[in-house]
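I opened my notebook on a structure that was new to me. I wanted to look up its surface, then its fold, and then one helix.

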Amino acid sequence: MGKLPYKNPNDPRTFLYLSSRHKWCGVILNFAYVRSRIFYLLTLTGILIGLIAIKDRPLLSLAGLILWLTAWQIFYFFSAARDLKKYPGAPSFRD
């Protein structure tokens, strides 16, 4: 993959593992598609809301922020697994 952010219009996957051997290392979005930008903006919106609200109710906001990030992380990993099943292998091997 090489550089961040990942943008490859030939790759139909939205979510990709950072490492094919070590899937636990993380997930990256393919910014060649609008849906990736929408997921990214939704993730950032939740973080910003949590950080803004932390002044008023720090404990509740921190707990909400942790839950929000955990839910998105789980969603990203399951989506990467689904996309890998749907489109196996590297994009160059599918041509």
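I began with the surface and noted that the protein chain exposes about 6,900 Å², of which carbon and sulfur atoms supply 69%; the areas come from the Shrake-Rupley method with a 1.4 Å probe. This is a predicted model, in which local features need pLDDT of at least 70 and side-chain atom pairs count only at pLDDT 80 or more, while totals for chains, interfaces and linings use all residues. Residues are numbered from 1 along each chain as its sequence is written, and side-chain values use heavy atoms, with hydrogens and water left out.

I then looked up burial and found that 31% of the 95 residues are buried (under 20% relative accessible area, against over 50% for exposed, with a 1.4 Å probe and protein chains only).

For the fold, I noted two strands and two helices, in the order β-β-α-α from the N terminus. These are DSSP runs, at least four residues (H or I) for a helix and at least two (E) for a strand.

I turned next to helix H1, residues 34-53, whose end C-alpha atoms are 29 Å apart, which agrees with the 28 Å expected for 20 residues (1.5 Å times one less than the number of residues). Its buried residues are Ser36, Phe39, Thr43, Gly46 and Gly50. Seen down the axis, they fall within an arc of 100°, so they line one face of H1; the arc is taken from the directions from the axis to the C-beta atoms. I recorded that these buried residues pack against strands S1 (15-17) and S2 (27-29) and helix H2 (58-86), a contact being heavy atoms within 4.5 Å.
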